Amino acid sequence: MPASMIDWNVAVQTGTRLVRPGPQVSPKDARQVVAELRELSGVAQGHVREFTGMDGAIDSSPAKVVDRPGWIQANVDGFRVVLEPLMEQLQARRGSGLLGGGAGGAVIQAVGSRVTGMQVGAILAYMASRVLGQYELFLPPDPTGRAPTGRLTLVAPNIVGAEQELKVDPHDFRLWVCLHEETHRAQFASVSWLRAYVQDQMTAFLLASDLDPGALLDRLRGVGEAVADAVRGGEGNLIDAIQTPEQREILDRLTAVMTLAEGHGDYVMDAVGPEVVPSVADIRAKFQHRREGASQVDRAIRRLLGLEMKMKQYAEGSRFVNRVIEQVGMDGFNRVWTSPNTLPTHAEIKDPALWVGRVIGKPELPPAD
């Protein structure tokens, strides 16, 4: 088996070393937070199922509550499941031409894998202090076959830190976060083909990379330009810099489905209603301000890593879901989950009338603003 192009152990060690500590809480308070988050994930799941009508094959296991190093380890585990088989394919296709053969090539590759591991670890350290929760799509295989194929993970110190920073009601905020993440669990647990579709698109994206050394050097030059542009306040990011034309088409499809998923989560967490989260309006206003506010350095890093695009996904996706449900109701909207062919395209996310006309057959939405 070829050596990994990323030293995953180095990635975990680097990320764990660099990640900032979370807010200081007593052991008793920490246990209370963990217990409440596990409980509220179950409460949120019931509200999500009732509100969205997505109740097929729902995994009812409690959320996994982790600290920042735990989130880093979980993501490395997920990356390995997806990326290692693909890296082996890429290495086999590239052969020894890029790295050189024999012992010298092995040394170069070993050094390169450690450097890449350090880079991945640094990115994860940055992300680990910001992520509130996620639905982990890709887990190491369970030998017994009994474990769920995905897992809901909540990052306790980040949730506590955010609620303290925003000065919002802790119980309401924790339930509000759980509503968003449980919506993601409903999406991937109820829609049997969605996980495979996302993985297929990710696989196609990675295998569509340029293999020619000259083309790879051009991509690396583009990375340098992206870094300079992000620091200047432009829109440059690493994702755009390394894409081939074929990858851009695939990324458009991936962006559309993830914009739908994120927007659906944002819509549900607000629309479930003030009777469930009484202070939802106050939380949303303060949280939105937090999303938009950041130092110049932080904004540059977010642009560079493509996180600004993720912020835009929340807004565009929520707007798409809201406009479609206003027009055709929840049952009409849920036709989006019928098959890959009923997912909105990049253009339809921006103009929901196009999706309604194509899938529902009732082009009655007013033109997009």
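## Helix α5 and the loop after it

How many of the residues of α5 are buried? In this predicted model, α5 is mostly covered, with 8 of its 11 residues buried. Those buried residues are Ala156, Pro157, Asn158, Ile159, Val160, Ala162, Glu163 and Leu166, so that the list includes a charged residue, Glu163, alongside nonpolar ones such as Ile159 and Val160.

The residue that follows α5 is Lys167, whose phi is positive, near 60°, although Lys167 is not a glycine. Lys167 is found in the loop between α5 and α6, and its relative accessibility of 68% places it among the exposed residues, because the cut-off for that class is over 50%.

## The protein as a whole

The protein has 369 residues, of which 46% count as buried, and its secondary structure comes to 15 helices and 3 strands. Among contacts between residues at least 6 apart in sequence, 78% join residues at least 24 apart. The protein exposes about 17,800 Å², and carbon and sulfur atoms supply 57% of that area.

## How α5 meets α6

Two packed helices are described by the angle between their axes and the distance between the axes. For helix α5 (residues 156-166) and helix α6 (residues 170-190), the axes come within 10 Å and cross at roughly 130°, which makes α5 oblique to α6. The crossing in which α5 passes α6 is right-handed.

On the α5 side, the contact is made by Ile159, Val160, Ala162, Glu163 and Leu166, which meet Pro170, Phe173, Arg174 and Val177 of α6. By class, the residues of this contact divide into 7 nonpolar, no polar and 2 charged. Each of the α5 residues named in this contact, from Ile159 to Leu166, also appears in the list of buried residues of α5.

## How α2 meets α6

Helix α6 is also in contact with helix α2 (residues 27-52), and here the two axes come within 8 Å and cross at roughly 55°. That angle makes α2 oblique to α6, and the crossing of the two helices is right-handed.

The α2 side of the contact consists of Gln32, Val33, Glu36, Leu37, Leu40, Ser41, Gly42, Val43, Ala44, Gln45, His47 and Val48, while α6 contributes His171, Arg174, Leu175, Cys178, Leu179, Glu182, Thr183, Arg185 and Ala186. These residues divide into 10 nonpolar, 7 polar and 4 charged. Arg174 of α6 takes part in this contact and is also named in the contact of α6 with α5.

## How α6 meets α10

What angle do the axes of α6 and helix α10 make where they cross? The axes of α6 and α10 (residues 245-271) cross at roughly 135° and come within 8 Å, and the two helices are therefore oblique to each other. Their crossing is right-handed.

In this contact, Trp176, Val177, Leu179, His180, Thr183, His184 and Gln187 of α6 meet Ala261, Glu262, His264, Gly265, Asp266, Val268, Met269 and Asp270 of α10. By class, the contact has 6 nonpolar, 6 polar and 3 charged residues. Val177 of α6, named here, is also part of the contact with α5, whereas Leu179 and Thr183, likewise named here, also take part in the contact with α2.

## From α10 to α13

Thr259 has its place in helix α10 and is buried, with a relative accessible area of 3%. Leaving aside residues up to four places away in sequence, Thr259 touches Gln313, Glu316, Gly317 and Ile349.

One of these partners, Gly317, is found in helix α13 (residues 307-333) and counts as buried at 0% relative accessibility. With residues up to four places away in sequence again left out, Gly317 touches Thr259 and Gly263. Gly317 and Asp266 are 51 residues apart in sequence, while the distance between their C-alpha atoms is 8.2 Å; Asp266 is one of the α10 residues that meet α6.

## A residue of α7

Ala196 lies in helix α7 (residues 194-207) and is partly exposed, with a relative accessible area of 40%. Ala196 and Leu137 are 59 residues apart in sequence and, from C-alpha to C-alpha, 9.8 Å apart in space.

Technical notes: Residues numbered from 1 in each chain as written. Predicted model: local features only at pLDDT ≥ 70, side-chain atom pairs only at ≥ 80, totals over all residues. Heavy atoms only, no water. Helix = DSSP H or I, 4+ residues; strand = E, 2+ residues; numbered from the N terminus. Buried < 20%, exposed > 50% of the residue type's maximum accessible area, 1.4 Å probe, protein only. Contact = heavy atoms within 4.5 Å. Areas by Shrake-Rupley, 256 points an atom, 1.4 Å probe, with all protein chains shown as cover. Axes fitted to C-alpha atoms, helices over the stretch in contact; angles between N-to-C directions. Parallel < 35°, antiparallel > 145°, perpendicular 65-115°, else oblique. Left-handed = near helix turned anticlockwise from the far one by under 90°.
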